[in-house]
Amino acid sequence: MTFATIVETTDDDHVLDLCAKHLARLNSDLRHSYNGHLAGDPRGRFSEGWRFPAIESDRQPEFNQVTFVWRREMDEPRPDAVGLIGTFRALYDRIPLREIPDSLYWHVTLRIPKRTCHRYLFQVGGAYHQDRINPQTETDGDGRVWSRFFTEETTTPLVLQIHERRLLGRFVQHILPFRTDAAEEFLRSPGNPLPKDVYELDQAVGVVNFIDKVLAREERHNRIDYAICLREIEKILRQREPYSEPEKVSKDAFTRLYGEMWGQVPGWNASAYENPSHFLRMVRRHVFLGAFSHPKYGGNAMALGWRFLEERFRDQAGNSVFDWRKAIEKPLGTNNEYVG
Amino acid sequence: MAETYDIVIIGSGAGGAPIAAELAALQGRALRILVLEKGPKLRTQEDNPAGGFSDFKRDELLNAGPEKRINWGGVGNTNRPFYSSHIEPDLNDEPHLWSGHDEQDPRVTVEGYTAQVVGGGTQLYGAVSLRFPERDFKLASADRPAGLPNDPYADPDVDIRDWPIGYDDLLPYYEKAETLVGINGTVTDVQTGAQAQEKKFPKNCYQTPVAPNPISDLALSGMKSIGAQVYRTPLAVITEAHAPSGRPTPGWVKTGYVNRYGDPLGYKSNTWVSLLRPAMRTHPGRIDLRANCTVTHLEASGKRISKVHYRDASGFPKSVEGKIVVVACSAIESVRLLMLSAEEDPTGLGKLLRHDEDGTPLGRYFLTHCFGGAEVSIPDGRRFDKTQSLDSDYATDWTSRLDFLRDKNLWAGAAIYNNTSDQSLPVTLARTDGANDLDTWWQGFDNDPAKTGEGILDWMNADFGTRLSVSFMANQVPWRKNRIRLSDVRDKWNRKSAWVVKDWHPHDGHVMDTLARVCEDILLAGIPGTMREGQNIPWNRGVIGEGSVYGQGVRIANHILGGARFGTDRATSVLDPDCRVWDIDNLYVTDGCFMPTSGGGNPTLTIQANSFRVADILKQVI
């Protein structure tokens with residue numbers, strides 16, 4: 001395991017530029033507790049608390065810079081010191097945070113490998129605290145609740161259970177254009193440097209992983225929709241094909257259910273979730289984002305979604321009309337100026 | 001004792017930065033200038049030499065992030081989703097409300113907000129940098145057709161005011177702005193070489209534009225077919241080394257990450273890279289730029305602003321004094337700040353501003369633009385890589401000409417230009433599909449069963465890299481009923497939020513219908529095989545769609561202007577011709593709220609030019 005190292009260069013003004021828009025306020029309303037998902041939790045006060053700790057680029061492309069922020073309350077005594085422990089270092093290794101003078105903020109920036117997920121706690125006044133800003137938590141085997149974060153390109157499942165991921169994987173196939181003749185042609189095209197185990201593009205592109213990550217962080221409030229609706233979908237598929245596992249039922253069963261979800265779904269428990277089309281619309285948005293947004297978000301793995309568009313759409317001279325590489329940073333793209 | 005500055009400027013965008021830069025360069029005096037900016041200072045790659053990383057990214061998800069929801073009870077769109085960029089305010093922290101004149105069922109909206117970041121709206125804007133035509137400064141006294149359509153009460157005769165300055169007054173400042181900001185474009189017709197812009201242009205201050213995008217030729221052909229003179233659209237993106245700002249020769253400037261994106265490389269001429277950063281380098285110590293500071297209210301003593309109160313990055317209350325105070329927070333927020341200040345200081349500023357009286361002009365005549373156009377999916381199979389685009393290539397002032405206005409019974413004209421980068425990136429394509437406004441993103445894609453599996457390929461076959469649009473930006477009829485007021489909904493600082501009360505004047509509908517038809521005519525003439533709506537063609541390929549913010553029911557549109565207009569009559573204006581608040585000796589307002597009419601073109605360059613003009617005035621009084 002690669003231990004995190006402290007980055008000394010982060011300046012106080014940059015930390016304030018990361019913080020103030022989201023954290024500075026007088027109002028104590030839970031304005032960011034959508035549907036009450038952070039009811040009673042002071043983390044519901046902050047705008048986009050999911051941005052913390054802040055994950056940024058590093059000169060070493062295999063790493064992220066992760067900035068941890070501790071914000072004391074305005075009427076709270078100033079602590080003598082604030083420390084940080086986490087699974088990115090030995091747990092006894094307390095990392096001190098630096099106070100920004102005349103502010104409420106303490107911070108430290110660490111260099112942490114990409115594709116990793118960690119637990120952490122702050123140590124303030126001798127006691128250990130979860131992050132007051134970041135709503136992500138994780139419970140360890142002893143029942144202790146930690147704060148959690150993950151770096152770019154992480155593939156570790158965080159939110160969706162394995163049966164949910166499998167079911168969602170099948171569902172996704174009905175939205176994406178990756179079970180088409182065009183996608184097959186893309187996969188077979190000579191010189192296409194895809195992994196040898198890729199036989200279905202929609203799996204390789206990592207959309208389910210993207211959804212898992214967006215539900216873990218940015219759209220945590222939508223996790224409940226997935227839990228309820230995937231349960232309903234599973235129930236209905238079991239009723240319709242009782243001798244198959246839900247994720248293995250026939251394509252016709254999925255196609256039928258997908259079509260029904262635009263309107264009425266026989267057997268759907270409306271008291272649990274009134275409108276299946278609302279869920280369908282959300283999944284459609286998440287699927288498209290996962291397939292075609294920047295690979296650092298966990299989908300569009302190896303830029304497969306972009307590469308599919310690059311090959312698929314061409315001008316009259318045969319040149320691609322989606323030369324994404326020209327705009328994007330190396331090594332993903334080819335731009336010599338933009339570093340990502 | 002509060003810190004004292006020669007000048008305190010609230011806002012670092014188009015209204016504030018030119019004044020800071022000019023006064024920092026004042027010969028013979030080292031003025032102390034404070035710029036207070038609500039948003040953060042996000043770095044370009046050059047600003048962060050240690051890592052070389054910018055805080056702006058070529059990242060569609062960062063630009064129009066995850067779903068958030070309106071969490072305000074009692075508004076018309078409670079619990080509805082919204083999507084905003086990383087430098088726009090969170091509406092649950094700082095909502096704007098919008099309603100029609102009946103003030104019923106207000107809705108929270110992202111419309112009407114500009115970016116909150118050092119550089120303000122110039123960080124996200126599309127960079128179209130047009131001068132207003134000369135006629136647009138004198139629309140009250142200008143010759144216009146009698147009996148305008150859809151204008152039963154002759155409102156333009158009642159509510160329109162000439163600007164207290166004319167084009168000639170602003171001319172040197174347009175030239176200064178174009179020179180110092182860094183703009184590429186042309187004055188002359190792209191084919192004949194004759195002057196094409198409908199205003200005097202004694203000096204060409206533009207950089208040379210890069211080669212137009214191939215499909216723009218179709219728009220050019222269409223514009224020419226209606227008899228228009230056509231010039232290269234002025235865009236605030238440098239194409240050559242820019243000595244005034246110290247920016248070197250840019251590399252590859254054509255990228256789809258321009259309009260609505262902050263530029264990591266600093267080629268897009270926002271006010272940070274073009275004005276503030278060079279001034280701070282050339283005159284170190286003169287400008288104190290404080291980001292993440294929210295001004296809460298102004299306090300008056302006698303006829304002067306005596307204190308500027310703000311919250312710092314932690315939220316601690318602070319105050320400063322300035323011999324001169326300039327408010328430039330963008331139109332809605334500036335008017336709101338004046339109103340909040342009057343309430344906070346009722347016996348001081350409150351007596352001078354009279355914001356709660358029926359007769360006060362403060363907040364009245366709020367303006368946007370009549371905006372719309374036409375768009376088509378090019379039917380002959382031609383595609384263009386819109387990720388390699390600088391958006392607008394060709395523009396014409398043809399619809400600002402008096403003979404056109406007379407022919408079409410319009411009170412004022414418009415600029416028309418083409419766009420090639422619409423939906424240039426895949427997420428943007430899906431997000432904006434069928435969207436009426438910024439609040440309805442994802443509606444078209446999410447709600448269309450046909451866009452599934454093969455259907456997604458069919459849709460992309462029709463739309464990806466094939467769509468070409470022509471847009472107009474026209475004057476809106478100033479209407480006293482269109483106003484900014486305070487609401488009881490509180491922001492995160494427990495301050496009353498702005499409530500925009502706005503409808504379209506009926507004549508605006510005629511303006512937009514007429515100009516949208518012109519845009520349709522341009523595409524119809526320029527692109528072989530296209531046809532008007534009503535044809536049953538798969539995915540509507542080749543069928544021209546046209547519309548406007550009026551026809552589509554969009555609430556505000558992006559350009560926010562008026563609300564504190566300047567003039568020579570203190571009874572009907574808030575600011576005097578110098579943009580000084582009437583009866584307050586040291587308070588100036590310089591964002592778009594000073595405009596009595598909205599102009600037939602995008603407003604940023606005019607806001608910048610006027611700020612350079614006010615800077616010259618301030619040099620005389622400070």
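This passage describes confidence, backbone geometry, sheet architecture and helix packing in a predicted model with chains that include A and B.

In chain A of the predicted model, the mean pLDDT is 93, and 97% of the residues score at least 70. Within this chain, the lowest confidence falls in helix α4(A), residues 201-204, with a mean of 71, whereas the highest, at 98, belongs to strand β11(A), residues 145-150. Where pLDDT is low, predicted coordinates should not be read in detail.

Chain A also contains cis peptide bonds that precede proline. One of these links F52(A) to P53(A), with omega near -10°, and P53(A) is placed in the loop that connects α1 (12-23) with β2 (54-57) of chain A. Another cis bond joins K330(A) and P331(A), where omega is about 0°; P331(A) is situated in the segment that follows α9 (304-312) of chain A.

In chain B, an open sheet is built from six strands, arranged in the order β7-β13-β14-β15-β12-β18 with antiparallel pairing. Its edges are formed by β7(B), residues 231-232, and β18(B), residues 545-548, each of which pairs on one side only. At the β7(B) edge, two bridges connect this strand to β13(B), residues 394-396, the two running antiparallel, and Y231(B) has A395(B) as its bridge partner in β13(B). Helix α13(B), residues 506-526, packs on the sheet through contacts with β12 (370-377), β14, β15 and β18 of chain B, and its direction makes about 25° with that of β12(B). Helix α5(B), residues 216-225, lies across β13, β14 and β15 (467-474) of chain B and runs at about 20° to β13(B).

Positive phi values occur at non-glycine residues in loops that adjoin strand β14(B). N409(B), with phi of about 55°, is found in the loop between α9 (402-408) and β14 (414-419) of chain B, and its relative accessible area of 32% makes this residue partly exposed. Q423(B), for which phi is near 50°, lies in the loop between β14 and α10 (426-431) of chain B. The relative accessible area of Q423(B) is 19%, and this residue therefore counts as buried, the cut-off being under 20%.

Elsewhere in chain B, helix α14(B) comprises residues 604-621, 18 residues in number, and extends 26 Å from its first C-alpha to its last, close to the 26 Å expected at 1.5 Å a residue. Because 14 of the 18 residues of α14(B) are buried, this helix is largely enclosed by the rest of the structure.

S334(B) is a residue of helix α7(B), which covers positions 331-344, and its relative accessibility of 1% places it in the buried class. When residues up to four places away in sequence are set aside, the contacts of S334(B) are with V327(B), A328(B), C329(B), V589(B), D591(B) and C593(B). By C-alpha positions, S334(B) is separated from Q191(B) by 43 Å in space, the two being 143 residues apart in sequence.

Technical notes: Residues numbered from 1 in each chain as written. Chains lettered and ligands numbered in written order. Predicted model: local features only at pLDDT ≥ 70, side-chain atom pairs only at ≥ 80, totals over all residues. Heavy atoms only, no water. Helix = DSSP H or I, 4+ residues; strand = E, 2+ residues; numbered from the N terminus. Buried < 20%, exposed > 50% of the residue type's maximum accessible area, 1.4 Å probe, protein only. Contact = heavy atoms within 4.5 Å. Expected span 1.5 Å × (residues − 1). pLDDT = per-residue confidence, 0-100. Pairing = 2+ DSSP bridges. Axes fitted to C-alpha atoms, helices over the stretch in contact; angles between N-to-C directions.
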